[in-house]
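Please read this note with the structure open beside it. Each point can be checked by finding the named parts on screen.

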Amino acid sequence: GLIKGRESIMLSRGNVLDPYVLNEVFGSELLRYYLLREMVFGQDCNFSYDAIVQRWNSDLANDLGNLLSRTSAMILKYREGKVPSPGTATGDEEVRNLSARVIRDYRANFDDYSFSRALENIWELIARLNKYIVENEPWAIAEKPAESGRLDSVLFHSAEALRIVAVLLAAAMPRTAQQIWEQLGLDGQVRQIRLDRLEWSNVLAGKSLRPGSSLFPRLDRKVVMEKLDAALEAK
């Protein structure tokens, strides 16, 4: 397992990593996410720089980042940046039911110290939302005025699911979760939302988005390794 001290993180194989160097290159948000996602609490885990880059590019840039950027872009383009009230679209009920189950499973896994499974729960919802958007093709129905209610529903459900994702992600990536929260047009601190009161709601309807820069620009492995070398040399 990991032994955390002031000067190093020691792996059970005897390899020593400097946490300050890792933090300088990757940042605490990515490191926290990677360790919680890769580790089974209390057991050994594999650690590699390539795996950290892969987690960022796959889970964060491709999955979550893509969901956030496409949802924001469509609400800005089709509804002038304001989250519409939901109509009816294919898969609405499934998304709502999955969100409720993910919240329950996430809480149960965290209570059981199964942090990796809890994060898997979040990504199950993210994956379903990306599929939900593709299935409904909002870019196509946007050209059909008669289907405006369907478009409204896709935009609303995508935004509301992101609100739930932000609350659940706050334990692992608090700054990232807060940025998502604020981009959705919400005020206050996401960490103040109680999990035992978290449920699907219409709170986002009518909210104006506050879009910002991309949260997850893709990492280039070569650039990352160069930064690691430079940071290690500086030590």
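The points below go from the whole chain to single helices, single residues and a pocket.

1. Status and overall make-up. The model is a predicted one, and the values here are to be read with that in mind. The chain holds nine helices and three strands. Following the sequence from its start, the order is β-β-β-α-α-α-α-α-α-α-α-α, with the strands ahead of the helices.

2. Burial and contacts across the chain. The chain has 235 residues, and 46% of them count as buried. Take the contacts between residues at least 6 apart in sequence: 71% of these join residues at least 24 apart.

3. Helix α7. This helix covers residues 148–169. Its length can be checked by a simple step: at 1.5 Å a residue, the 22 residues of α7 should span 32 Å, and the C-alpha atoms at its ends are 31 Å apart, so the two values agree. As for its surroundings, 19 of the 22 residues of α7 are buried, and therefore the helix is largely enclosed by the rest of the structure.

4. Glu160. This residue belongs to α7. Is Glu160 buried or exposed? Its relative accessibility is 0%, and because buried means under 20%, Glu160 counts as buried. Its side chain reaches the backbone nitrogen of Ser201 at a distance of 3.1 Å. Apart from neighbours within four places in sequence, Glu160 touches Glu199, Trp200, Ser201, Val203 and Leu204.

5. Arg128. Helix α5 is where Arg128 sits. Its relative accessibility is 11%, so Arg128 counts as buried. What does the side chain of Arg128 make a polar contact with? The partner is the side chain of Glu94, at 2.9 Å. With neighbours within four places in sequence left aside, the residues in contact with Arg128 are Glu94, Leu98 and Glu135.

6. Helix α2 and the loop after it. Helix α2 runs over residues 28–38. Its buried residues are Glu29, Leu30, Leu31, Tyr33, Tyr34, Leu35 and Arg37. Those buried residues pack against α1, α3, α5 and α8. Between α2 and α3 (49–79) comes a loop, and Met39 is found there. Met39 has 17% relative accessibility and so counts as buried, the cut-off being under 20%. Along the chain, Met39 and Arg117 are 78 residues apart, while their C-alpha atoms are separated by 9.9 Å.

7. The second largest pocket. A general remark comes first: rolling a probe the size of a water molecule over the atoms shows where empty space is left. In this model, about 240 Å³ of space lies in the second largest pocket. Which elements give two or more residues to its lining? They are α1 (19–26), α2, α8 (174–183) and α9 (221–234). Helix α8 gives the most, with three residues.

8. The lining of that pocket. The second largest pocket has 15 lining residues, and those nearest its centre are Phe26, Gly27, Glu29, Leu30 and Trp56. By type, the lining residues are nine nonpolar, three polar and three charged. Two of the names should be familiar from point 6: Glu29 and Leu30 are among the buried residues of α2, and they also lie nearest the centre of this pocket along with Phe26, Gly27 and Trp56.

How values were computed: Residues numbered from 1 in each chain as written. Predicted model: local features only at pLDDT ≥ 70, side-chain atom pairs only at ≥ 80, totals over all residues. Heavy atoms only, no water. Helix = DSSP H or I, 4+ residues; strand = E, 2+ residues; numbered from the N terminus. Buried < 20%, exposed > 50% of the residue type's maximum accessible area, 1.4 Å probe, protein only. Polar contact = N/O pair within 3.5 Å; in protein donor to acceptor, adjacent residues only side chain to side chain. Contact = heavy atoms within 4.5 Å. 1 Å grid on protein atoms, 1.4 Å probe; cavity = no way out; pocket = protein on both sides within 12 Å on 5 of 7 lines; lining within 4 Å. Points joined across faces, edges and corners; volume = space filled by probe spheres on them. Nonpolar A, V, L, I, M, F, W, Y, C, P; charged D, E, K, R; others polar. Expected span 1.5 Å × (residues − 1).
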